[in-house]
Amino acid sequence: MTSAPHPHPTELTVHGASRVLEIAFDDGARFRIPFELMRVYSPSAEVQGHGPGQAVLQTGKRHVEIVALEPVGHYAVQPTFSDGHDSGIYTWEYLYFLGSRQAELWADYERRLADAGVDRDAPMPDPAAAGCGRH
């Protein structure tokens, strides 16, 4: 039996009260991905930057919510977060990655916060002051 190269979702539920995206895949995997993790690791250029070493550390996202979730073809979804961020396109493969690697992604995020000397709940600096606007 050969498995598909990339699992496809069979269920997708936005749980607003608990702020998690629940997603089940056709390989049997099921994940509950916190909105905060999705927002902190948004695949957008606004978060990831335009090249290596340009990622922007996200803070103050603990209580972020998904206010809209739009399909992108048959391969992804594009959430709109309550902080206005809406430029990340989350492929099924990327959501699987976020779900399956949550523990190490949280540990990496906490390490980056510590290295930067900032708190997880600190407000984001004004992007205009940093010299980079929305993309």
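The exchange below concerns confidence and salt bridges in a predicted model.

Biologist: What pLDDT does the protein chain average, and where does pLDDT stay under 50?
Modeller: The protein chain averages a pLDDT of 91, and 89% of the residues score at least 70. For the stretch under 50, the model has nine contacts beyond four places in sequence. That stretch is residues 129–135.

Biologist: How many residues apart in sequence are the parts that Glu22 and Arg32 tie together?
Modeller: The side chains of Glu22 and Arg32 meet in a salt bridge at 3.4 Å, N to O. Glu22 lies in strand β2 (residues 20–25) and Arg32 in strand β3 (residues 30–34), so the parts tied together are ten residues apart.

Biologist: Is Glu22 buried or exposed?
Modeller: Buried means under 20% relative accessible area. Glu22 has 16% relative accessibility, so Glu22 counts as buried.

Biologist: Where does Glu36 lie, the salt-bridge partner of Arg120?
Modeller: The side chains of Arg120 and Glu36 meet at 2.4 Å, N to O. Arg120 is in the loop between α4 (102–116) and α5 (127–130), 84 residues apart from its partner. Glu36 is in helix α1 (residues 35–40).

Biologist: Which residue does Asp121 meet in a salt bridge?
Modeller: Asp121 lies in the loop between α4 and α5, and its partner in the loop between α2 (45–48) and β4 (66–72), so the pair ties together parts 59 residues apart in sequence. Asp121 is partly exposed, at 37%. The N to O distance is 2.7 Å, and the partner is Arg62.

Key: Residues numbered from 1 in each chain as written. Predicted model: local features only at pLDDT ≥ 70, side-chain atom pairs only at ≥ 80, totals over all residues. Heavy atoms only, no water. pLDDT = per-residue confidence, 0-100. Contact = heavy atoms within 4.5 Å. Salt bridge = Lys/Arg side-chain N within 4 Å of Asp/Glu carboxyl O. Helix = DSSP H or I, 4+ residues; strand = E, 2+ residues; numbered from the N terminus. Buried < 20%, exposed > 50% of the residue type's maximum accessible area, 1.4 Å probe, protein only.
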